[in-house]
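Subject: Structure handover

Hello,

Here is the structure I said I would pass on. My notes on it come after the file.

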Amino acid sequence: MKRIAVITGAASGIGAALARGLAKEQYDLVLVGRNVDALSATAEDIISQTPQCNVQCKSADLTNLDDRSTVFSAVASAGVNDILLINNAGISHFGTLASNEDASLEKLFATNVLAPMALTRLFVAGAKKGNQRLSVINIGSTFGAIGYPGFSGYCASKFAIRGFSEALSRELADEPDVSIRYFAPRATKTGFNSEQINAMNAELGVTMDSPEVVAREFIRFLESDKATAHIGWPERFFVWLNKIAPALVSSALKKQLSTIKKYAAANK
């Protein structure tokens, strides 16, 4: 039976790597993003490697209701009963809270929180109406479990997505054909990061995964029965430690604060 995966933020980085990995797992794909040329390039690369894969590209701003509806309609018209929705699209801001203007914070939450919530609502309603099997996986971050200096807005948005995933999975626990899951990568080498973030991570000795590593871990998670996953060590340890002894994590991060603020001030 054919399966279809809808991947937001699929033009590059983690989203594109997930698309390549899922094509090899015999999923058809709907690639969603704002950059038409980049989406098309990703699609062409996937088709060249897995010609049996049916790939659609949908240029969309998911903060827009009409664009979300267009994405949903593309899947609804495909006539597939096994749907995987991956809410991966997102933006970030590296800098102190004082450097964030109201408009940038509003855009951050509209993109990272409200858009995936609204898109998920569309797909859940459609799955119930059409008697379809739906799996939703929200892509979070280590920063959705550990508040990190210089990323207060981004952390807040990822904490929100983690809470949304947990609450909705419990809300739909009596729906056997709908699952809501949460997958959290650690720092990843993508264009998402500015030069200052990369330099800061290098100075602090932060390990950064390639998108391909993240995609391999995602496939393992997809094939498991886990509701949530955090990848990377020692990140998983610090996620655990932050739950039971947050003061210890705060103390460790305070030692890094001057370095973080140095790069945050230089980030434009």
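The notes below cover the nonpolar cores, the helix packing, a few single residues and some backbone details.

Please keep in mind that this is a predicted model.

Nonpolar cores

The largest nonpolar core has 31 residues. Within this core, I7, L22, L29, L31, F183 and F218 touch the most other members. Several elements supply at least two residues each: the strands β1 (3-8), β2 (27-33), β4 (82-87) and β5 (133-139), and the helices α1 (13-24), α2 (36-49) and α7 (211-223). A second core, separate from this one, has 26 residues, and V71, I83, V124 and I161 are among them.

F183 is worth a look on its own. Leaving aside neighbours within four places in sequence, F183 is in contact with I137, N138, I139 and G140, as well as with V214, E217, F218 and F221. The list for F183 is completed by A229 and I231.

Helix packing

I have notes on three helix pairs.

The first is α1 with α7. Their axes come within 8 Å and cross at roughly 55 degrees, so the two helices count as oblique to each other. The crossing of α1 past α7 is right-handed. On the α1 side the contact is made by G13, I14, A17, L18, G21 and L22; on the α7 side it is made by P211, E212, V214, A215, F218, I219 and L222. By class, the residues of this contact are 10 nonpolar, two polar and one charged. L22 and F218 appear in this contact, and both are also listed among the residues of the largest core that touch the most other members.

The second pair is α3 (residues 65-76) with α4 (residues 102-130). Here the axes come within 10 Å and cross at roughly 35 degrees, and α3 passes α4 in a right-handed crossing. R68, S69, V71, F72 and V75 of α3 make the contact with A115, A118, L119, L122, F123 and G126 of α4. Eight of these residues are nonpolar, two are polar and one is charged. V71, on the α3 side of the contact, also belongs to the second core.

The third pair is α6 (residues 195-204) with α10 (residues 257-266). The axes of α6 and α10 come within 9 Å and cross at roughly 165 degrees. The two helices are therefore roughly antiparallel to each other, and α6 passes α10 in a right-handed crossing. From α6, the residues that meet α10 are Q196, A199, M200, E203 and L204; from α10, they are T259, I260, K262, Y263 and A266. The classes in the contact of α6 with α10 are six nonpolar, two polar and two charged.

Single residues

N201 is placed in α6. N201 counts as buried because its relative accessibility is 7%, and the cut-off for buried is under 20%. Not counting residues up to four places away in sequence, N201 touches A187, V206 and M208.

W240 is in helix α8 (residues 235-244). With a relative accessible area of 48%, W240 is partly exposed; the exposed class is over 50%. W240 and I4 are 236 residues apart in sequence, and their C-alpha atoms are 34 Å apart in space.

Backbone details

If you plan to set up calculations, which peptide bond is cis? The bond from W233 to P234 is cis, with omega near 20 degrees. P234 lies in the loop between β7 (228-230) and α8.

Two residues other than glycine have a positive phi value to note. For Q26, phi is near 70 degrees. Q26 sits in the loop between α1 and β2, and at 56% relative accessibility Q26 counts as exposed. For N131, phi is near 55 degrees. N131 lies in the loop between α4 and β5, and N131 also counts as exposed, with a relative accessibility of 67%.

Regards

Notes:
Residues are numbered from 1 along each chain as its sequence is written. This is a predicted model: local features need pLDDT of at least 70, side-chain atom pairs count only at pLDDT 80 or more; totals for chains, interfaces and linings use all residues. Side-chain values use heavy atoms; hydrogens and water are left out. A nonpolar core is a set of buried Ala, Val, Leu, Ile, Met, Phe, Trp, Tyr and Cys residues joined through side-chain atoms within 4.5 Å. Buried means under 20% relative accessible area, exposed over 50%, partly exposed in between (1.4 Å probe, protein chains only). Helices (H or I, at least four residues) and strands (E, at least two) are DSSP runs, numbered from the N terminus. Contact means heavy atoms within 4.5 Å. Axes are lines fitted to C-alpha atoms, for helices over the stretch in contact, and angles run from 0 to 180 degrees between N-to-C directions. Angles under 35 degrees count as roughly parallel, over 145 as roughly antiparallel, 65 to 115 as roughly perpendicular and the rest as oblique. A crossing is left-handed if the near helix is turned anticlockwise from the far one by less than a right angle, and right-handed if clockwise. Ala, Val, Leu, Ile, Met, Phe, Trp, Tyr, Cys and Pro count as nonpolar, Asp, Glu, Lys and Arg as charged, and the others, Gly among them, as polar.
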